Each structure stands twice: as C-alpha cells, then as structure tokens.
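I opened this notebook to keep track of what I looked up, item by item, while going through the structure. The entries follow the order in which I turned to each topic.

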Amino acid sequence: MARKIIVDPVTRIEGHLRIEAILNGNEITEAFSSSTLFRGIEIILNGRAPEDAGLFAQRLCGVCTYAHYEASSWAVENALGIHPPRNARIARNIIKGAQLVQDHLVHFYQLAGFDWVDVVSALNADPRKTMDLAYAHTETPYNASLARFEEVKARLAAFVKSGQLGPFAGAYWGNPSYKLPPEGNLLVASHYLDNLNILRIPAQIMAILGSKDPHPQTTIVGGISSIADIINPQRMDDILFRIGKITDFVNNAYIPDLLTAAMFYKDEAIEGVGGGLKNYLSYGAFPMTDDQSPDNMFLPRGVIFNRDIGKILNLDEKKITEFVTHSWYKYPNEKVGLNPSVGITDPDYTGLNRDGSLQEEGKYSWIKSPRYENRAMEVGPLSRTLIAYGKGNKEIRALVDYVLRKTGLPVSALFSTLGRTAARGIETKYIADALEPWTLELIKNAAVDQSSWTSYEMPSKEITGIGLDEAPRGALGHWVRIKNKKITHYQIVVPTTWNGSPRDAFGNPGAYEASLVGVRMSNPSQPLEILRTIHSFDPCLACAVHIIDPKTNEIRKFKVS
Amino acid sequence: MTGIIGIGNLLLKDEGLGVHFIAGLREKYSFGPGVRLIDGSTSGYGLLDDIFGLDRIIVVDAVKTGEEPGSIFKFGEDNLPVELMKKTAHDVEFIDVITMCALAGHKPKITIFAVAPDDCHGIGITLSPTVQNIIPVLEKLVLEELKSLSLNPSEMPLPN
C-alpha cells in the first residue's frame, strides 16, 4: 500500500528544502524535491560595474563564501580575455582550498554527523575500547586519551540532560539504522567537538590572504590585492603553521572516522543505497597553469554517463540547458531547456494541492532543472572524485584505492550515500595536502615576481563571459553579458540547482529525487534514512529571513521598541 | 572583548538589516580596542573563530515575528529564542552556532536585538523606509548596552 511521507523542513542543511517520498511498505519508490531556492537574485547585478560583480555575487551565500566571488571574477576575466598573474592564481587557490576544507569538515561533523552517530549510544561507550578504535586507522589518533573520552561523555550527558538540545534536537536516537557501536559513536562525537576548534583555522587562513572572512575581498578582476601579505614572510608563515594543524585533523580524525563509518555501514554501500543518478559532471577547479586551462585543473573537468568511469567525456558548456517544466517559472516553450546565457527567470507560482502537498504532475519547486545533453547530472565531491579517478589522477586513485582496500569494499560501493560521503573526505585530504606545496610555491614565486594584477581596459562594446568553477557542493557557473561597461545580463547556476532539481520536460528526476528511490526506512515515522541520503549531497539553498512562529504570542514580552 | 555582529543577506532588502547596521556604526563611531564590529553576513560556522575570541556578543538580525514591522525585540543568553525559532527557513542558525560553542566549552554573554522586517521578499540592497527609520533607535539601544559595560564609543568627526 502506497503512502506519502513529507519531510519539511529538512533539518541540518543550509536553507529550506522539502522532500516528499512515496513508500511501498518501508521502501521509497518515488521522491520529489522542492525548495524555495529562488532564482533571480542575479538581477541585483544588472546595471552594475563588472568590476564589482564579485562583491555582490558573493553575498548570495556566506557559507560557501568565496565560491561565487571567484566564479564571478572568472566570468568577467573570461569576457575580457585576461588571466590573473601567477601569484594571484596561486593565492586564490589557497583561499579557495581552505574554504573547501572548512566546508567539508563542517558538513561531515556538524551537519551529517548525527545521520551516522547515535549520541545517546555514545553515553554507554567504554573509553578503553574507544581508545582501541581510535588506533584502528591511524598510529597518531587526534586528541585521543581516556581522559578526553571521559570528558566528552560527561559533556554530552550534560547537554542531553539539559534539554537545551539545539542541534541535538529532533534526532532519532535508538533507530535501528544506526550501526556504529557505542565506542564508534563516542569517537566520532569527540571529533565533532574537536572540529569546532579546527574550523576556526581555515577561516584564519582565508582572512590572511583575503583580508577578512566571511567574504574575503582581495580578489579583484585581473588579480588579487593582498600582495603585501604575500611577500610578508611572517604572514606566509602564519598560513603554513595553520595548514599543519588542519592536515593533522584531516589525517588523524576525519579520514579514520570515515573508515570507521565505512566498516559498520558497509552493507548499504555494497547495496548501492542512495546512489541515484548514473551521470556525473564537474567543471573543474583550482587552475594549475597560468593560462587557467580547464585541462590542467587540480580537480579536473569532465562528464561521466552511465557510471562509465573508464570513459570520461569532455564538457561542452553549450550542452547545458535549464528546464522549468516542473518549476515555478514560465518559458515561452516549456518543452525546451535554455542555456543560461539566454536564461529567463519569469516566476510563475502555481501553488500546492489542497492538502498542502506538492503538485507532482505540475510545477512543484522554485529550483529550475539544469540538464546536460538533456540528462540529469549529479555534481559535487563524488562527481569530482570519479572524474579524477577516471582520468588517472594519481593521488585520487591512491586515496580511493586505499579506502576500498581498508574497508574491503568494491569500486561500485562509491555509487551510494556512503560512497558520496567518503568521496567528500577523500577530496578534503587531497586539497588539504596540497595547501602547503601551493603556499611554498607562492612564497618562492613572490620572491622574484611581485606582479599581482593583469591590467585591462573595459571596452564599451558588448562582451560575454562564462565562469565555470567548482564550489564545495559542486559545479558553479556564472554567465555574464557586459555592454557600455555595465552588466546587462547575469545568470548563476549553483550546485544545489543541479542536485535538488525537480523533473525536467522528459520526466527525468534530479539527483536528490533519484537517490531516494530504493531507500528502506526502519521506521517511517523517523525519516533518518531520508536525511542521511539527502545530507550526503550537502544541500545549500536560499538564505531567507529567520522566522519566529507568529502563532506563539510569547515574542511580545521581549519587545523593547 | 565585545563583538557586535550584524547578520543577514545584503541582497534581500530588510533581511540585510544586520549588515547595514554594522556599516552604519563603522561610519559614525570609533570604538576602542575592547569592541569589534563584525559583518557576519549569512555565515554560520564561519563565525566560530570570531565568537571564540569574544566574551560578549551583541547580535543584530532581522527576524520575522508577525509583529509590527520595525519592532525591536531583545533577548539574552537566559532566554535565547531557541524554542521560538523552530520554524526557521535558514537552518544554519546563529543559535545553533552558539549552542556549538557552549558544547565546546565557550559561553559568551549574549544579547540579541531582533528587528521585525517590512520587506524581505524583494531583491535589493536597500532597507525599506520602515526599517531604515528605526536604525537610530536600534543604535541607541546597542550603545546603551555598551555603556552598561563601560564601553563608550566616540563619534567620528564629520567630514569637512
């Protein structure tokens, strides 16, 4: 008998997402993803100077701060036909790399942590057995001691007891889908706390090269303005010192925790739970050559169809189109998708069903449906890892093979919620390990070359540019048209648009929707498995104003004016 | 160290109140070494480093309450609007981040000034007249808060 489960709002993500799942027994047969990710915020850029595009665009999101700033700068630089000089290229990579590492660390622990970790079970853990587990995957476990584990237990107990649960609220302790033993739960929970101190560090690195965080502002069209910091040995040493602390945590806490999780959640990985779509896309990021060629990016560009990792296809931007067939927008012809360079954002809200559920046959989301060659694509760490693996990237291959060997899992296990989560960790280590060599290269280059900006003349004629970059969550594209030195058209397609999209004109579901098909729930009134699957994509949707439920009149007693 | 943190999305009109407020303070006042002004934007965990370095924070944010636009509400660490803010559209709550800090052993004193917005559905980098008009009131409240801590800013000299 089919029934419908609605999860609204999906908690522990950025923004507002609603998932409707159709169940047959305890297994999901169909799913619908709906969100208030309102496209159109780009209109703020029309009429503005292209030199300021990044400063405005970055305000779209303070979480993946810098991602929009860089993509915007690339789009304008692309329109002008210029590249930043080497110092700027490397400095930008360092800022971006630090941000990616921070973002992924927040995700694994603070956002996805409770999908895998049962905090109440951790309260029953034996600190000695936890020590043993800490040594299972590293010889130098992070902040591991009997005293520490006792302390973590005490802290967690106090929090659970206080009732002021905050991020612990609304969790499903005791659900049979939790598979870690108490010691595994305590170990990961202790790193959850350690991470709160670690997270400060990438922010500091970004502030050194970017002058502040959130929203570093030293990247400018043509280069970077923080050259004074780049040639200052003290500042660069500050960065190197901090990188060491980050890699210590990644190598001795994060990766071991992933391996621990993989051991105990093995079965669902083998079964491919949460795999979803079979197509993957990455624009590539972190240019390694001064021409910023997509052929030489640290995270490579590419396309995979049908999970054929042996055949990585070249990306053709013209094959990207957005559909609005099931989205709350109007097109002249909704059977046809539009490339973002000619994108139209014409809102057309057609409402919900009378019972408040989504109109699955009609329009049901504010997210458009980007497609590549009319296929639904997944973007994000899994896509990037698979493409890098398929292209023969030595470090990625070594990391993936290491994880598979240690866990005894086959390559096919990557196509799952767990695989997606592991790919995020693999990518974090890959980037974190690169930060030091990049910083040393920057120091060396800046000793003999202090150029930081490529000069240009903004022409009056019409020019167009595209910035195809990778944010932590996946493919990020900025399309700009400039005329008479002002922006006349701007479109942004963010990773969550790809992954969270509703069906297109052909009925193809988006990544979230596809990933839930086949997921079995231990207890349909506790959507733990839905959260676990959706969280593995690290959704990030529109920031909207905070809301206090007006039905409670409690608010009035706090009024001061 | 006391921090005044303005949070919000600058591109969504009144939702950006906190950001506008901090910019305004910067222009009008010079604060001594005991006070930091922080444009928190829509960053959640990105503010952890700032918060860990502060023993007191004053937060300014637009919060929809169903009450009259321009109303100002004040909360302290003993009555943080955790329960009231259950139905938020933006899940990486500042409140969550504060809870995280407490879990990690850092408990700054907190004052939150929440302002009911008028317009935060439109796209724009300006505030609605209703909210713009209460900025002086909000400023006064924040400065009074600082005064009670013996932190008095000096007014910036007006440009010639």
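**Entry 1, a pocket.** I began with the second largest pocket of this predicted model, and I noted that about 520 Å³ of space lies in it. Its lining holds 25 residues, and I wrote down those closest to the centre of the pocket, which are Arg59(A), Lys212(A), Pro214(A), Arg26(B) and Asp39(B). I then looked up which elements give two or more residues to this lining: from chain A they are helix H1 (53-57) and helix H9 (200-210), and from chain B they are helix H1 (17-28), strand S3 (35-41) and helix H2 (48-52). Sorting the lining residues by character, I found 10 nonpolar, seven polar and eight charged.

**Entry 2, chain B.** Since chain B gives elements to that lining, I looked at chain B as a whole and listed four helices and seven strands in it. Along the sequence, these follow the pattern β-α-β-β-α-β-β-α-β-α-β. Chain B has 160 residues, of which 63% count as buried. I also checked its contacts with a separation of 6 or more, and 80% of them are between residues 24 or more positions apart.

**Entry 3, a sheet in chain A.** I turned to an open sheet of three strands in chain A, which lie in the order S1-S2-S3 with antiparallel pairing. Strand S1 (2-7) and strand S3 (27-35) of chain A each have a single partner strand and stand at the edges, so one side of each lacks a neighbour in the sheet. Neighbouring strands here are turned by 20° against each other on average, with direction ignored. Looking at one pairing in detail, I recorded that strand S2 (residues 17-24) of chain A is joined to S3(A) by eight bridges, the two running antiparallel. Within this pairing I followed Ala21(A), and its bridge partner in S3(A) is Ala31(A).

**Entry 4, the helix on that sheet.** I next noted that helix H18 (residues 528-535) of chain A packs on the sheet, where it touches S1, S2 and S3 of chain A, and that its direction makes about 125° with that of S2(A). Is this helix H18(A) enclosed or open to the outside? Eight of the eight residues of H18(A) are buried, so I describe the helix as largely enclosed by the rest of the structure. The buried residues include Leu528(A), Ile530(A), Leu531(A) and Ile534(A), and I noted that Glu529(A), Arg532(A), Thr533(A) and His535(A) are buried too.

Conventions
Residues numbered from 1 in each chain as written. Chains lettered and ligands numbered in written order. Predicted model: local features only at pLDDT ≥ 70, side-chain atom pairs only at ≥ 80, totals over all residues. Heavy atoms only, no water. Pairing = 2+ DSSP bridges. Axes fitted to C-alpha atoms, helices over the stretch in contact; angles between N-to-C directions. Contact = heavy atoms within 4.5 Å. 1 Å grid on protein atoms, 1.4 Å probe; cavity = no way out; pocket = protein on both sides within 12 Å on 5 of 7 lines; lining within 4 Å. Points joined across faces, edges and corners; volume = space filled by probe spheres on them. Nonpolar A, V, L, I, M, F, W, Y, C, P; charged D, E, K, R; others polar. Buried < 20%, exposed > 50% of the residue type's maximum accessible area, 1.4 Å probe, protein only.
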